[in-house]
Each structure stands twice: as structure tokens, then as C-alpha cells.
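Q: Please take a close look at one part of this structure and describe how it is arranged. Then place that part in the setting of the whole chain.

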Amino acid sequence: MSDKIKSFGETVRDLRESKGLLLRQVAAFLEVDTAFLSKMERNEKKASRQQVVKLAKALETTENDLMALWLSDKILETLDEEAEAYHALKLTEKRLKKK
């Protein structure tokens with residue numbers, strides 16, 4: 001069993017498939033074409049914040065969990081090859097707790 005945490009796109013695809021929804025159904029709900037949604041599920045395109053909110057409704061999942069995963073992908077994309085990424089995250093965590 002893998003400990004790998006799935007990306008936003010992989011999670012969206014898994015949720016969509018588990019609900020028995022077709023790409024075109026979810027794409028229509030989001031008001032995007034199926035190619036965009038397919039690329040988003042393969043992590044080739046990025047969803048907007050508004051699309052994340054709509055996806056949570058379409059996939060009947062919590063907006064908070066999907067938003068957290070979307071933000072995590074954005075952070076990972078920024079810090080992926082930074083030597084001090086872990087240190088920066090710990091510092092950011094402390095700063096966020098003070099707010």
C-alpha cells in the first residue's frame with residue numbers, strides 16, 4: 001500500500017468516477033470543455049478557486065477538504081525544488097498560527 005497523497009487532479013478524477021459521473025457532465029457543471037477538465041485531472045491545467053468551489057458541489061464533497069488539497073498543490077508547485085522548502089513551511093506555519 002502506498003503512502004502517496006494524491007494530487008488535486010487525481011482526487012477529482014477519483015471522486016468523479018466513484019460518483020459515476022462522466023467528464024462531460026462535470027465539465028458542463030463547471031462551464032468548461034471536457035478537454036480542460038481532462039487536463040485538470042491529469043494535472044496539466046490548474047483549476048481556479050471558483051472552479052474548486054463548483055467541483056466540491058458537483059462531486060458532493062466538502063469544499064474545505066478540496067480547497068486544502070488545491071492549495072497544497074499550489075504550495076508544492078512553488079516549493080518543489082527549493083532546498084529550504086521544509087524550513088520555509090515550518091516558518092510559515094508559525095506565522096499563520098499567530099494570526
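A: For the angle used here, an axis is a line fitted to C-alpha atoms, for a helix over the stretch in contact, and the angle between N-to-C directions runs from 0 to 180 degrees. The model is predicted. The part chosen is the pair formed by helix 4 and helix 5.

Helix 4 covers residues 49–58, and helix 5 covers residues 63–79. Their axes come within 9 Å and cross at roughly 140 degrees. Angles over 145 degrees would count as roughly antiparallel, and those from 65 to 115 as roughly perpendicular; helix 4 and helix 5 are therefore oblique to each other. The handedness of their crossing is right-handed.

The loop between these two helices holds Glu60. At a relative accessible area of 64%, Glu60 is exposed, since the class begins over 50%. The side chain of Glu60 meets that of Lys19 in a salt bridge, with 3.5 Å from N to O. Because Lys19 sits in the loop between helix 1 (8–18) and helix 2 (23–30), this pair ties together parts that are 41 residues apart in sequence. Lys19, with 38% relative accessibility, counts as partly exposed. One loop residue thus links the chosen part to the loop between helix 1 and helix 2.

Helix 5 also contributes to the surface. Leu71 lies in this helix and is partly exposed, at 33% relative accessible area. Together with Ile75 and Leu89, Leu71 makes a nonpolar surface patch of about 230 Å². Residues enter such a patch with over 30% relative accessible area, and the 33% of Leu71 meets that condition.

The setting is a chain of six helices and zero strands, which reads α-α-α-α-α-α along the sequence. Its C-alpha atoms fill a box of roughly 40 × 30 × 25 Å along the principal axes. Of its 99 residues, 27% count as buried.

The pair of Glu60 and Lys19 belongs to a total of ten salt bridges. Further salt bridges include that of Glu10 with Lys4, whose closest N and O atoms are 3.1 Å apart. Lys4 counts as exposed, with 55% relative accessibility. Another joins the side chains of Asp14 and Lys6 at 2.4 Å, N to O. Both ends of that bridge fall in the intermediate class: Asp14 is partly exposed at 31% relative accessible area, and Lys6 is partly exposed at 41%. Salt bridges also link Arg16, Glu17 and Glu41 in a network.

Last comes the end of the chain. Helix 6 covers residues 85–97, and Lys98 is placed in the segment after it. Lys98 is exposed, with 77% relative accessible area. Between the C-alpha atoms of Lys98 and Phe29 there are 38 Å in space, and the two residues are 69 apart in sequence.

To return to the chosen part: helix 4 and helix 5 cross with axes within 9 Å, in a right-handed sense. The loop between them supplies Glu60 for the bridge to Lys19, while helix 5 holds Leu71, a member of the nonpolar patch with Ile75 and Leu89.

Technical notes. Residues are numbered from 1 along each chain as its sequence is written. This is a predicted model: local features need pLDDT of at least 70, side-chain atom pairs count only at pLDDT 80 or more; totals for chains, interfaces and linings use all residues. Side-chain values use heavy atoms; hydrogens and water are left out. Patches are made of residues with over 30% relative accessible area and no salt bridge: like charges are joined within 9 Å, nonpolar side chains (Val, Leu, Ile, Met, Phe, Trp, Tyr) within 5 Å. Accessible areas come from the Shrake-Rupley method with a 1.4 Å probe; for residues, only the protein chains shown count as cover. A salt bridge is a side-chain nitrogen of Lys or Arg within 4 Å of a carboxyl oxygen of Asp or Glu. Helices (H or I, at least four residues) and strands (E, at least two) are DSSP runs, numbered from the N terminus. Buried means under 20% relative accessible area, exposed over 50%, partly exposed in between (1.4 Å probe, protein chains only). Angles under 35 degrees count as roughly parallel, over 145 as roughly antiparallel, 65 to 115 as roughly perpendicular and the rest as oblique. A crossing is left-handed if the near helix is turned anticlockwise from the far one by less than a right angle, and right-handed if clockwise.
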